[in-house]
Each structure stands twice: as C-alpha cells, then as structure tokens.
Amino acid sequence: MRGATRVKWAVGVVAVVLTAAACGGGSDSGGGSSGSGIVRASWADPQNPLEPADTNEVQGGKVLDMIFRGLKKYDPKTAKADNMIADSITTTDSQNFDIKLKPGWTFSNGEPVNADSFINAWNFGALLKNAQLNASFFSYIDGYDQVHPSATGAKSTATTMSGLKKVSDTEFTAKLNQKFALWPDTLGYSAFYPLPKVFFDNPTAWESKPIGDGPYTVTSYTKGSQMSLRKWDGYKGPDPAQNNGVDLRVYTDNNTAYTDLQAGNLDLVDDIPASQLQNVKSDLGSRYINVPAGIIQTIAFPLYDSRWSSANSAKVRQGLSMAIDRKTITQQIFQNTRTPATDWTSPVLGDAGGYKAGLCGDTCVFDAAKAKQLIQQGGGLPGGKITIGYNADTGSHKAWVDAVCNSINNVLGNNNACVGDPTGTFADFRNKITSKQMTNPFRAGWQMDYPLIQDFLQPLYYTNASSNDSHYSNPDFDNLVNQANGATNTGDAVSKYQDAEKLLITDMPAIPLWYQNGSAGYSTNLSNVALNPFSVPVYNEIKVK
Amino acid sequence: MGRYVIRRLLQMIPVFVGSTFLIFFMVYALGDPVAALFGDKAPDPATAAQIRHDLYLDHSLPAQYIHYMKNLFSGDFGQAFNGQSVTELMGSAFPVTIRLTIVAILFEIIIGILLGVVTGMRRGKPVDTGVLLLTLVVISVPTFVTGYVLQYLLGVKLQWTASSVSPSAPFNELILPGLVLALVSLAYVTRLTRTSIAENTRADYVRTAVAKGLPRRQVIVRHLLRNSLIPVVTFIGTDIGALMGGAIVTERIFNIHGVGYQLYQGILRNNSPTVVGFVTILVLVFLLANLLVDLLYAVLDPRIRYA
C-alpha cells in the first residue's frame, strides 16, 4: 500500500496549491462597458499615496484633478488660472493675500469646504513629520521654516504656519515670507487642494477611498489595478461631469493599452507607445490627439565641474546647442510629437503667460559651420569628447540621445566626440545628479507644476533652487527673478522673467531641445476628448455615445 | 516518508535565510530609492531624511537586514512606497500568477506529453518530422514575439478572446497567456517525452508486457509511459518555479497584475521590501516544487524508496 500513500501525498499537495490559487479568482468586479456612459481609460500605478501634498506625478495627479477642486483651476485650453472655489484673491503689496471663498461648496460626504479645510490641509502638507513630497510648495508661506526646517535631522518648532490666519469660514489671509506677485496663480496645483476632516482623523482609511470636493467620487479602488470613479450628483461647481463616470485601469505596458483600444476593450489611452507613432494616424485617424504640453526637454551641464566651469566653456555649450539638428530628430525619431525648442519655457503658456518663440535666437538653431567655430573658440570639447547621461529604464531616451550625439559628431567630423552614457535606473540617475557626481552633460526634463513662466525658470536656474541640476548661479538672473516676483502686476512680472531668461542664451546652463507634446487616442464611443496643458485628458468634459 | 519530508523542509531554512540575505544586499546595491520619489526635482534634505527615517533607510545595511528579518518572522514583509503592505501585494499577485502557471503547466502536460507519445511511437513518420519541425520553430521564436502576434491575431483581428486580462484574472481569460507562457517549455516536454519513449520501447519490460499479450493501450500507459515520464516530471517540476518567476514578459504583454508585474514595479522603483519579499517566496516555491518532484519519483518508479 506504500504506493497509494505516496499518491495521496502528492494529490494532497496539489490540492492545497489549487485551493490557494482559486482564492480571489472569479470575482469579476468593475470593468464597466460602453453604453452605460462610463469612460474606460488607461492608467498607471501612482507611485505614492494619493494625498494631494504627496502626489507629484501625472498618474496620481489625474485622479486628484477628478475628485478635487481647489481655489483656482487651470483652463484646459488656455492654461489661465481661473477662480474656482476662490471668490477673490487680493493683495496690495504682493506679499499679504486676502482669500475669500465662494459659499456653498461641500465635500462629497457633506462636509462644507471652508477656510479651515484649506489651512489644515496646507499645514499638514508642510509639516516635516508627514514627509510630504510637495512640502516645498508651501515654502513661500510665512512660518514654513518653523514647521519644516531645511537642515537634515532638524525638528520642527511649530505645527502650523504663522502666515495662515482664518478670518471667517469663508475668508482667510496668507502672509508670504517674500514678495511673489504670481503666487495666486500657483494655487490651482494639486498640493493646494483642501482636505475634509475625515482625512485628518484617519489618513490611511481616507487613502483607500479618497473623498474630495470635485465632480467625481471614488466608488471602488483596488490599489495597483483599477479605480472606478462615478459622477457626483451633488457637485455644484461650474464644471460637472458630462459622463457617468470613469474606470481607470492600470496597464504595465502602454503597448497593451493601445492593443486594447484597437480591440475595443478600452476607450481612452493617454500615452501612445513610441513604437506605434508611425501607425497611429492610420489606425485612429481623427481620434488621435497630439497637442503641446507643459514639458520641455533639455541637456543640462554640471557647471560645478572644472571641465565646464571655465569662462570659455559657455562658448562650447552654445556651440553644442547649435550642433544639434532638432528639426530632423523631432521628425525622424519622435514623428512630430516633439517641437524644436526656441526658448526655455513652453508654448502652452501662451504669449501673455511668457512664452516667446525664438527668444533663444540663432543659438538654438542648427548651424554646423558656426557650431564648429564656437566650439573651437571655446577651446574644444573638454578632454576632446563628451558623453550625454540618461536613464535607461524608462522613457526610451537612448534613441534620441544617440541621434543628438550623432548630430554633434557629424558637425565636428569626429565619430567619438559624443556618446550616450546610460544609467540603469532613474533612481540611480537622480542620485548621481543630486549628489553632484556628474562630470558630463546629462538629459533633464521638466514638467510644469502650474502654467507660469516662473515655474520654468526659478526652480531650474535660480541660485540653489530645488531643481537647479546644473547648479547655475548668476546674480543678475537672481536679481531679475526677485524683481519679477516683486512686481505688482502680471505683465511686469512676465517681462522681467523674460529678461532673466535672455541671460540663459549667453550662459547656456542647459540646452533647450524640444517641447514635448501630449498624445492620446480614443475609441468611437467617445467624443469631446481633449488634453489639458498638463497632457492629462479633460475627463469631466468627455461625452460617451 | 514523513521523516524524509521533514528533513527536506528543515533543509529549506538555511536556504531561505541565505537567499533573503543575498537578495537584500543585491537590491540595496541598486542605490537609494528616495531621490527618484521626487521626480526631476532635487529632494529637499529634511523631507528626504524624514522618509529615510520612516523606511528605516537611515541605518547601516546590517542593521537594516536584521530589522527586516525581525519583522519578517513576525509576518511583516514591509511596505511598498504607495503605502501598501507587501503581504497585501502578495495576496493579490500570487493567486493570479499561480492560476497562470496552472494553465501553462496543464498545457505542457496535456499537449506536450500527448505529442511526445505520438511522435515517440511513430518515429520517422511524417507526424514525427512535422512535430519536431514545429517544436524547433517554437523554441527559436522569443516569447514576446509569439505573445504580441497571438494577442494581435486572436484578440484584435479575430476577436476570439480578450486582448488583455481583467484585474481579477479568471481562468478563462488566462488560456491564451498561459499558452504563450507554456509554448517553449511545451516544446521541450514534447522532445523529452519523445526521446524517453523512443528509448524505452526497446526495453525488456515492454517486450515482456507485449509478449504477455497485454492490450497495446495498457502497455503504453501503464508500463511505457510511466517509466518514460521520470525525466519529464523533473523538467516540469523545476519549470513551475521558472514559470512563476519568469512570467514577467507574458504578464506585461497581457497586462496581468501578478508576480512579474510587482517585481518589475519593485525593481523600477528600487523598493527593496517588495523585491526581497517576492523573490524569497519564489525561492520557497522552487524548493517546494523540487520536493514535490522527488516525491513523484517514488510514485512513478517503484524502485525508489524514501526512508
């Protein structure tokens, strides 16, 4: 009977495995189909918890933009910051702001949106203990240094920012620690959204099913796989949802999302894979969207390194800028989903917002002869050759870095003058940059937080600013930025910023490459699909047939 | 038998500790994950320090390992960056991948062994040559090519099946991904079975069985197949582990949120608790699958005994 016993053992083990596998299977939930007025859209897993002050990337941001409304909202077409919950934001000195709220706004659990909702949310976001990734957005508010000291290991000496004062339920004041004329226009960013009391009672419970004050409510959320949002009928704002809801489904591979769109399993894809760009027009026709977004790609230089810090080095950098054939690369490699850059901002700002086509002039236009001449005047490439650093894990940067190097090599008539220098992961790449270990130029991308010229210049090129990867420092530039922030009206501020931007032409701390477009495709079930300046679909305006 | 199993299980403990140790240190070598959390912005030092403190990253590497193991033995596999516990991730990922693996293994067993027996019995006939040629093609085409091609043909053009798998991943949606995952191994199983059968048809015991006048069916199934399956079982057993860990490509193509997806995400985000936790479990799966194979030997071959 020994044989029989052995068989029983084996069968037993197999049975255990099968039972384990059967758990959780079969319960098919969500996945709304067309005909019910639900938009089925692609998504990627947000990297961080879905808290407004802890979400700094697009995937989490798109959910927050559906379930929240803040003081201001950026117009999906013009990127202008319009009052949403704010009735008015006034100032006389660009430093003390008086914020009045419209009455009647509520969260979807019935709680009113009042001055405390904003003050508490902002204090929570700024407090060091909460380690929120967007804490620095509150750094202009007076008292931030006490709540969030900048030194490593320091402890906060206060839990609330002294600059925020409640006047009444519908009014509060904000005192900044410096003049910043454009500050009200930054308040449409998701970090500044209000939070209901239930959040502070139990943030973890709130995260599993976020409650906000926007046109949608979250009905179910399976982390890492899908989220169902439904139209909130109690929403009183001016921009209610035109559809019954949105089902977001996580895709690991944007190729699969695109295939699902073709197969009719999905209605909206907001990331067309690079490999499909050649076919997308014939596949989707007019259902393919390709519009400018607030993203600029540059090549930054480590100005702290002795190879790039000499006075003559600026000529080399200008020469390199002129050695890059932006037009051909954007056509051949990106199929016109990028536009050659001619300044350091983005076309989505519009002329009034500070975008100026051609601001960079000839220095950002391909000119082989002049490029070679400038590089030689500057003493040639440091060490006779350069590398361009990039991260190899995401974003398929290899193709364009190789093309840029090829363009430079052709200009210099030397096949080894420039080569790509991949780093395995984005984390490692960023570590090298922030710890100042770069000795050669590297790729840098910037996606705007809010559509202001300030956001394209100050964080990137102001002395010791948070994203100044080049560690560029020019007192004249800093001075002009300070003047711009102290200006009393937007027009003056913008023109001062453009004066500052012009200094970048001669110093060339980063070479502007191209403006990135947002791309999306949708099924025949949908109409009125558009991308906003942040390259996120305007979900609430989508109509389902 | 029982004592043998217990001994084998005890042997797994040092392997378990050793593998977690190695994996922990290798993932650590990928670098500091905190900088990537801030995207293209430089982290502000105070927030970065606070996050490192919360994740226990501000201690030395050995201290981190001891801390991790301590938590592990109290059943806590740590946390992913989005605030989910790794146990929760495992709870959602493993059932999906196990279902996928079961589908793949069933394909291997049913189609692979069937084809192997047919070709082994008809050596040199057109069927044999045809199947051999087919397996050669399958082995030489990479998984992602067969995956994308089948997905496009069956999912988009013919619409016979969904082109991707829904988050709950029921068995019926996993048939195509399971087939894609199994294809290469299936070809190997066919070839292994064929060779083994071909060898054993000339064995004495088969001749005896035939001479005894046993029906052909009984000779093949009871005597020939049972003895020829030993190398095939070894292959399939070790393949269980390989399929579960190696499903990354298939899971990406068909958007299956299983082990491969979580591992990929964990590596991309330098999230050591996720990677170490999942790989540790995969190591255990390998060990258990091997044990299962050894036990199956005894079932197939009466001469093998475990004391």
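**Figure 1. The end of helix α15 in chain A, where α15(A) is followed by G413(A), a residue whose phi is positive, near 65°.** The view, like the others in this set, is taken from a predicted model. Helix α15(A) has 15 residues, which at 1.5 Å a residue should span 21 Å, and this agrees with its end C-alpha atoms, which are 21 Å apart. Many side chains along the helix are covered, and the buried residues of α15(A) include W400(A), V401(A), A403(A), V404(A) and C405(A). Further along the helix, S407(A), I408(A), N409(A), V411(A) and L412(A) are buried as well. As general background, an α-helix has 3.6 residues a turn, so residues three or four places apart point the same way.

**Figure 2. The disulfide that joins C405(A) to C418(A), with the two sulfur atoms 2.0 Å from each other.** The pair links distant parts of the chain, since C405(A) belongs to helix α15 (residues 398-412) of chain A while C418(A) belongs to strand β15 (residues 418-423) of chain A, and the two cysteines are 13 residues apart. The link of C405(A) and C418(A) is left-handed, with -50° about the S-S bond. Are these two cysteines buried or exposed? C405(A) counts as buried because its relative accessibility is 3%, and C418(A) is likewise buried, with a relative accessible area of 2%.

**Figure 3. The disulfide that joins C360(A) to C364(A), with an S to S distance of 1.9 Å.** The link of C360(A) and C364(A) is right-handed, with 70° about the S-S bond. Both partners are covered: C360(A) is buried, with a relative accessible area of 2%, and C364(A) is buried, with a relative accessible area of 4%. Over all chains the count comes to 2 disulfides, and those of chain A follow the pattern 1-2, 3-4 when the bonded cysteines are counted along the chain.

**Figure 4. Two residues of chain A that have a positive phi although they are not glycines, M508(A) and N528(A).** As general background, most residues other than glycine have a negative phi. For M508(A), phi is near 45°, and this residue is placed in the loop between α19 (490-507) and β17 (510-522) of chain A. For N528(A), phi is about 60°, and this residue is found in the loop between β18 (526-527) and β19 (543-544) of chain A. Their surroundings can be read from their accessibility: M508(A) is buried, with a relative accessible area of 0%, whereas N528(A) counts as partly exposed at 41% relative accessibility.

**Figure 5. The surroundings of E51(A), a residue in the loop between β1 (38-43) and α2 (58-67) of chain A.** At 6% relative accessibility, E51(A) counts as buried. Which residues is E51(A) in contact with, once its neighbours within four places in sequence are left aside? The contacts of E51(A) are with L64(A), F124(A), Q132(A), F199(A), W206(A) and E207(A). The view also takes in P210(A), which is 159 residues from E51(A) along the chain, although the C-alpha atoms of the two are separated by 8.4 Å.

**Figure 6. Helix α12 (residues 259-268) of chain B, which is largely enclosed by the rest of the structure because 7 of its 10 residues are buried.** The buried residues of α12(B) are V259(B), G260(B), Y261(B), Q262(B), L263(B), Q265(B) and G266(B). What covers them includes a strand of the other chain, β10 (245-250) of chain A, together with α5 (86-121), α10 (216-245), α11 (248-253) and α13 (272-300) of chain B. Just after α12(B), the residue N270(B) takes a positive phi of about 55°.

**Figure 7. Chain B as the setting of helix α12, a chain with 13 helices and 0 strands.** The C-alpha atoms of chain B fill a box of roughly 85 × 55 × 30 Å, taken along the principal axes, and buried residues make up 51% of the 307 residues in the chain. Among the contacts in chain B between residues at least 6 apart in sequence, 77% join residues at least 24 apart. Chain B exposes about 14000 Å², of which carbon and sulfur atoms supply 68%. The chain carries 24 positive and 16 negative side chains, and the centres of these two sets lie 18 Å apart.

Technical notes
Residues are numbered from 1 along each chain as its sequence is written. Chains are lettered from A and ligands numbered from 1 in the order in which they are written. This is a predicted model: local features need pLDDT of at least 70, side-chain atom pairs count only at pLDDT 80 or more; totals for chains, interfaces and linings use all residues. Side-chain values use heavy atoms; hydrogens and water are left out. Helices (H or I, at least four residues) and strands (E, at least two) are DSSP runs, numbered from the N terminus. Buried means under 20% relative accessible area, exposed over 50%, partly exposed in between (1.4 Å probe, protein chains only). Contact means heavy atoms within 4.5 Å. Accessible areas come from the Shrake-Rupley method with a 1.4 Å probe; for residues, only the protein chains shown count as cover. Lys and Arg count as positive and Asp and Glu as negative; His and the chain ends are not counted. The place of a charge is taken as NZ of Lys, CZ of Arg, CG of Asp or CD of Glu. A disulfide is a pair of cysteine sulfur atoms within 2.5 Å. The expected span of a helix is 1.5 Å times one less than its number of residues.
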